[in-house]
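Please examine the model shown below. The exchange that follows asks why certain descriptive terms apply to it.

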Amino acid sequence: MPIRKNERIQLSHGGGGKEMNVLIHDMFFKAFANPILAAEEDAAQLQLCGTTAFTTDSFTVDPLFFAGGNIGKLAIAGTVNDLAMMGAIPEYLSCSFIIEEGFAITDLQTIVTSMADEIQHCGAHIVCGDTKVVPKGCADGIFINTSGIGQIVKPDISVKNLQHDDVIIVSRDIGRHGAAILMARDSLTLESTLTSDCATLWPIVEQLIASNVDIHAMRDATRGGLSAVLNEWAQASNVGININETTIPVSSEVQGLCELYGFEPFDLANEGTFIIALPRSAADKALEVMAQYCHCDQAAIIGNVTDKNPGKVVLNTPWGSSRYLDIPQGELLPRIC
């Protein structure tokens, strides 16, 4: 009783019987194949060594498919990136699906295939998971939870480690994911080539670590964007951060959308953009490494750490004025990740 392409998810696909067994084996096991998963035990047996990073996240993006990705790619990249930002090699992931009755099998296959493709960029494996099917109207299509485990190979990367005169580097242009989600919503019909930056960041982080770049802090700028990360750093390390607006890379599409809807690009979400704080002496080497890998040709120094205005982020504008860059408040966009 193989899965038919025009089939939709039924409650029986989550009932523990034949239909669920076919779904799990013909789709999930086939896409995520590895010996640990294939053992089909109640829990994965893992070999861990040294200090280990462990993270979890849930994904409820609306819409499920957007320019540059979908909820599946987002789930893998989001969890892998959280490990990478701690200097950890992504090794093992769990994956749980909550699927609404009536969800199209073809859409589920697309999502699962994108997950299998994305995880190839970091070498990790999905080793356990769970599938639940809920009645129609009890979920919005599909929700995904992923957890990740990885060995920390670059210790002491922390929000509390910023030091006076560290420089702040952003890996690429900001705000792409939030802007792409906004444009994908049904109410918008703007024509644009803008795509989300959704991507796995371990390959570039691995290169920075291999090059012995001295990283004090590192964070992917997801919900709340650049503003949220910098404010969290300033408060956690009790330092001030000065940022120069003219040095922050923003695409013309994102800038135009922000001007049209009254947003600031600093507040929009990213899913493949990260920020580093490191000694000024290490900045040139970091930029050289980043320029060679993974869409980081726009990497730029955007500011520095100071002992003035502890706990605050100061944005220097192109007109010679300055203002505090506050942490975002309220809801900019519904369900961006």
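**Helix packing, pocket and backbone**

Q: What makes the crossing of H6 and H9 notable in its handedness, left-handed or right-handed?
A: In this predicted model, H6 passes H9 in a right-handed crossing. The residues in contact are Ile204, Gln207 and Leu208 of H6 and Ala286, Val289 and Met290 of H9.

Q: Why are H6 and H9 called oblique to each other?
A: Helix H6 (residues 202-210) and helix H9 (residues 283-290) pack at an angle of about 140°, with their axes 10 Å apart. Roughly antiparallel requires an angle over 145 degrees, and roughly perpendicular one of 65 to 115. The angle of about 140° meets neither condition, and H6 and H9 are therefore oblique.

Q: How is the contact of H6 with H9 divided by class into nonpolar, polar and charged residues?
A: This contact has five nonpolar residues, one polar residue and no charged residues. Gln207 is among the H6 residues that take part, and Gln falls outside the nonpolar and charged lists, so it counts as polar.

Q: Why are H3 and H4 described as roughly parallel?
A: The axes of helix H3 (residues 71-84) and helix H4 (residues 105-119) cross at roughly 30° and come within 7 Å. The term applies to angles under 35 degrees, so H3 and H4 are roughly parallel to each other. Their crossing is right-handed.

Q: Which residues make the contact between H3 and H4?
A: H3 contributes Ile71, Gly72, Lys73, Ile76 and Ala77, and H4 contributes Ile111, Ser114, Met115, Glu118 and Ile119. By class they comprise six nonpolar, two polar and two charged residues. Lys73 and Glu118 are counted as charged because Lys and Glu belong to that class.

Q: How do you know that H1 and H4 are roughly parallel?
A: H1 and H4 pack at an angle of about 25°, and their axes are 8 Å apart. With the limit at under 35 degrees, H1 and H4 are therefore roughly parallel. Leu23, Met27, Phe28 and Ala31 of H1 meet Ile105, Leu108, Gln109, Val112 and Ala116 of H4. Eight nonpolar residues, one polar residue and no charged residues make up this contact.

Q: What makes up the lining of the largest pocket, by class?
A: The lining divides into 15 nonpolar, four polar and four charged residues. It consists of 23 residues, of which Ile24, Phe29, Leu37, Cys128 and Gly129 lie nearest the centre of the pocket. Helix H1 (18-31), helix H2 (35-38), strand S4 (88-100) and strand S5 (125-134) each supply at least two lining residues. The pocket holds about 440 Å³ of space.

Q: What makes the peptide bond between Asp62 and Pro63 stand out, and where does Pro63 lie?
A: The bond joining Asp62 and Pro63 is cis, with omega about 5°. Most peptide bonds are trans. Pro63 is placed in the loop between strand S1 (52-59) and strand S2 (65-66).

Q: Why is the phi of Glu40 worth noting?
A: Glu40 has a positive phi of about 55° although it is not a glycine. Most residues other than glycine have a negative phi. Glu40 is located in the loop between H2 and S1.

Notes: Residues are numbered from 1 along each chain as its sequence is written. This is a predicted model: local features need pLDDT of at least 70, side-chain atom pairs count only at pLDDT 80 or more; totals for chains, interfaces and linings use all residues. Side-chain values use heavy atoms; hydrogens and water are left out. Axes are lines fitted to C-alpha atoms, for helices over the stretch in contact, and angles run from 0 to 180 degrees between N-to-C directions. Helices (H or I, at least four residues) and strands (E, at least two) are DSSP runs, numbered from the N terminus. A crossing is left-handed if the near helix is turned anticlockwise from the far one by less than a right angle, and right-handed if clockwise. Contact means heavy atoms within 4.5 Å. On a 1 Å grid over the protein atoms alone, a cavity is a set of points where a 1.4 Å probe fits but cannot get out, and a pocket is an open set with protein on both sides within 12 Å along at least five of seven lines; lining residues have an atom within 4 Å of a point. Grid points are joined across faces, edges and corners, and a volume is the space filled by probe spheres set on the points.
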